[in-house]
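Work through the exercises below with the structure open. Each task is followed by a solution in steps.

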Amino acid sequence: MQDFEKLGVFYLGREYDLETKTARPDLLLYKSNHLMTHAVCVGMTGSGKTGLCLALLEEAAIDGIPALVIDPKGDLGNLLLTFPELRPADFQPWIDPAEATRKGTTPEDYAAQTARQWQEGLASWGQDGARIARFREAVDLAIYTPGSSAGLGLTVLRSFAAPSAEILTDGEALRERVAAAASGLLALLGIDADPLRSREHILLSTLFDRAWRGGQDIDLGELIRSIQSPPFDKIGVMDLESIFPAKDRAALAVSLNNLLASPGFSAWMEGEPLDIQRLLYTPEGKPRHAILSIAHLTDAERMFFVTILLNEVIAWMRRQPGTSSLRALLYMDEVFGYFPPTANPPSKTPMLTLLKQARAFGLGVMLATQNPVDLDYKGLSNAGTWFLGRLQTERDKARVLDGLEGASAAAGAQFDRGRMEKILSGLGNRVFLLNNVHEDQPVVFQTRWALSYLRGPLTRDQIQKLMRDKKSQPPAAGENRPAAAVIGQAAEGTRPMLPPDVPEVFLSSNGGLLGGDKLRYRPGLLAQVRIHYQQKNVSVDYTADLALLIPVVSELSSTVWDQADSLAEEVPDTQPQPEEQSLFETPPTELLRAKTFKELEAALKNHVYRTARLEIWKCPETKECSRPGETEGDFRARLTHGVKEKRDAAIEKLQAKFTPKLATLEERLRKAQQRLDKQKSQATSQMTQAAVSIGTTILGALFGRKLASSSNVTRAASTIRSATKIASEQQDVAHANESVEAVQAQIDQLNADFTAEAAKIQENCASESVKLETISVSPKKTDITLVKLALAWTPWIQKADGTAAPSF
């Protein structure tokens, strides 16, 4: 095997001869940046579709390309079943004992057979355990299970936060985001709403639009209150009560409240926020393949999640700079029901937006299905690559051909329907037709052996087992809450009376009171400041908001803010009044004086001046600096993408350099053929034939089978076979003006030159050794502005034994 991993191509298999039913030696190498024009994979059950798509994801991982993998069926978690040492003990926990019984063997023997099968299968395709290890080391792999605790949790509540400025200033993008949020939420409630006729959809859209344009986030609790009492009395020119009476709005609010109160819905509010950058990269900047397993969800819940996810992807995409290299991959394993030809589910609009716009931002979209009839092929005309496997019915075949013809027409490519139909009829297991608008002609190939163990859908327990170590990792900074504490000697009391010029807020309680528990408010401090950082030599002109919380204040000093928790830009939820029947702890006397808050403001600014440094990462080699708020991992990820762009440009330049040389040599080889034919040489040199094959395989794979076609290679091999068959005619051959051996020597030299220059490109574009230095930017005291400073009452659950735990 050649080392193609760093050349921006994916090793997917070998070209296949439908007549002889055998694989050819020519490797099927697919250029990664061709995925920027998106791809579709269609094949019936048993066609090998899942194996092909997993192989493509493995190749993307080896090339350091992150991916979002939507898994409606539950079998893409097989990407984590990779065993570099290929030991039977590695396979045994994941085999099906029932399958072993059906085969008349023990689980131990069946695991040994499976391990041996994988060793032999990989070897037959030029792969081994070392390549498996390379795959596992290249990316982080994680399984997320929204709405379930089996895998890593993922909360979608963040998706009702106000969109970024880029979306707010783009009218069309904002309308799409509002419509998707309303449609997704109504789908979760089981309401199939028409955006133009449904009053539920119109009300929710108006609430989202009004809040987001005002820069306000919406949580479900606030949304329920707004449904009952909207902050407006008209929709369009008609009275709200005429369109949607209060009684009917109350029924919608109750439905949403019942959903929020249901025990199963609590899992939707647990886990990491739905942050696309964090899903694609670890905090250290390592690429990640995030598998979003939704097999456990109902149809309505799947539609809700996929819709929210796709809109978050669009928002992330629009924040990225343009590129000509593949930045990331979005793959959905079964798109049936999400992109139909006539219906308009909530997921369809954002998916169509991605197919139309993602290319400019380096985001490739790949969709797979075993139900080719239920696809919007007009929308899929944006797809430049089609992987077509064995199909079940003539109707399926006709629909696929219609879609492929439309895609070819959109790309301005030739399409031979009769030939395509004939090829599709001859496909077998693991044999696919690749139609790529970037290539001159389609090619049939057999998929390579997958590095991952394809054991089928994973169970809940198996996902838990795979994610156990990741779940045990400590939470990210800023997520910790105060530990349980013992209540002091302060007596139970009512809410203290404060002077009118002493501000106070009440942090919202998370609930959780059990029999005998009491809710007690303890005095703390909450502050919000706005910091302006400015430093010209690193091009910093940045404003950040910072929230500080001291959960409990027992005494005051000039350094009181040193014990505060930094909440970054997150401000805890507050309410204007405390919960009923709550207890209060007496605050320090100083907190009951307005003068104290002036002193606290001065101490706060000193604390922020000393501690709130903006860390900027700088790469001395490229002179690039990280953006304010960009982590080291994100900065490294951005630098790495720049290295890939440099590599891809160098490869294109290298191809342009070698293409005419290869064409010239083939022409000379053809003329040498004619001269040798005149000598009627019957001899063949097996050694020379092998050299010709090696000289064209690598170049042909990288040049897209346009010049180094298999027919040219066959003619070259035939010429050389006829050059040395009869030793007695060597003298006549030597009289030829240009011998096959001389041309072959030049081909060998061309191959050596290409290998050397490709290696040099890999060495020059290596990103592992990028060094960064830290630059710390401090604010001026005059650039620190106080936004809020208040006595913060923090809710605690007091137990019967005198201990208390935070309820916020």
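**Exercise 1.** Classify the orientation of H7 and H8 relative to each other, and give the handedness of the crossing.

Solution. This is a predicted model. Step one is the geometry: the axes of H7 and helix H8 (residues 199–213) cross at roughly 130° and come within 9 Å. Step two is the class. An angle over 145 degrees would count as roughly antiparallel, and 65 to 115 as roughly perpendicular; H7 and H8 are therefore oblique to each other. Step three is the hand: the crossing of H7 with H8 is right-handed.

Step four lists the residues that meet.
- From H7: Leu174, Arg177, Val178, Ala179, Ala181, Ala182, Ser183, Leu185 and Leu186.
- From H8: Glu200, His201, Leu204, Ser205, Phe208, Asp209, Trp212 and Arg213.

Sorted by class, the H7 and H8 contact holds ten nonpolar, three polar and four charged residues.

**Exercise 2.** Do the same for H9 and H11, starting from the angle at which they pack.

Solution. Helix H9 (residues 220–228) packs on helix H11 (residues 246–261) at an angle of about 165°, and their axes lie 8 Å apart. With the cut-off for roughly antiparallel set at over 145 degrees, H9 and H11 are therefore roughly antiparallel to each other. Their crossing is left-handed. On the H9 side the contact uses Leu220, Gly221, Leu223, Ile224, Ile227 and Gln228, and on the H11 side Arg249, Leu252, Ala253, Leu256, Asn257 and Leu260. By class this contact of H9 with H11 comprises eight nonpolar, three polar and one charged residues.

**Exercise 3.** Locate the largest nonpolar core and state which residues have the most contacts inside it.

Solution. Begin with the whole protein: 50% of its 808 residues count as buried. The largest nonpolar core has 177 residues, and Phe208, Leu223, Leu354 and Phe387 are those with the most contacts inside it. Helix H13 (residues 299–317) supplies the largest share of this core, twelve residues. Apart from this core lies another of 37 residues, including Val502, Leu546, Val553 and Val560.

Two of the residues with the most contacts in the largest core can be placed from the earlier exercises: Phe208 is among the H8 residues that meet H7, and Leu223 belongs to the H9 side of the contact with H11.

**Exercise 4.** Describe the surroundings of Leu354 and of the buried residues of H14.

Solution. Leaving out residues up to four places away in sequence, Leu354 touches His38, Leu310, Val313, Ile314, Met317, Leu330, Leu363 and Val365. Leu354 is one of the buried residues of helix H14 (residues 348–357), together with Lys348, Pro350, Met351, Thr353 and Leu355. The cover over these H14 residues includes helix H7 (171–188), H13, strand E11 (328–332) and strand E12 (363–369).

**Exercise 5.** Is Ala409 buried or exposed, and how many residues separate Ala409 and Val437 in sequence?

Solution. Ala409 sits in helix H15 (residues 394–411). Its relative accessible area is 58%, so Ala409 is exposed, the cut-off being over 50%. In sequence Ala409 and Val437 are 28 residues apart; in space their C-alpha atoms are 9.9 Å apart.

**Exercise 6.** Assign an exposure class to Pro88 and list what Pro88 touches.

Solution. Pro88 lies in helix H2 (residues 88–91). With 36% relative accessibility, Pro88 counts as partly exposed. Pro88 touches Ala111, Ala112 and Ala115, residues up to four places away in sequence not being counted. Pro88 and Thr114 are 26 residues apart in sequence, with 7.4 Å between their C-alpha atoms.

Note on methods. Residues are numbered from 1 along each chain as its sequence is written. This is a predicted model: local features need pLDDT of at least 70, side-chain atom pairs count only at pLDDT 80 or more; totals for chains, interfaces and linings use all residues. Side-chain values use heavy atoms; hydrogens and water are left out. Axes are lines fitted to C-alpha atoms, for helices over the stretch in contact, and angles run from 0 to 180 degrees between N-to-C directions. Helices (H or I, at least four residues) and strands (E, at least two) are DSSP runs, numbered from the N terminus. Angles under 35 degrees count as roughly parallel, over 145 as roughly antiparallel, 65 to 115 as roughly perpendicular and the rest as oblique. A crossing is left-handed if the near helix is turned anticlockwise from the far one by less than a right angle, and right-handed if clockwise. Contact means heavy atoms within 4.5 Å. Ala, Val, Leu, Ile, Met, Phe, Trp, Tyr, Cys and Pro count as nonpolar, Asp, Glu, Lys and Arg as charged, and the others, Gly among them, as polar. A nonpolar core is a set of buried Ala, Val, Leu, Ile, Met, Phe, Trp, Tyr and Cys residues joined through side-chain atoms within 4.5 Å. Buried means under 20% relative accessible area, exposed over 50%, partly exposed in between (1.4 Å probe, protein chains only).
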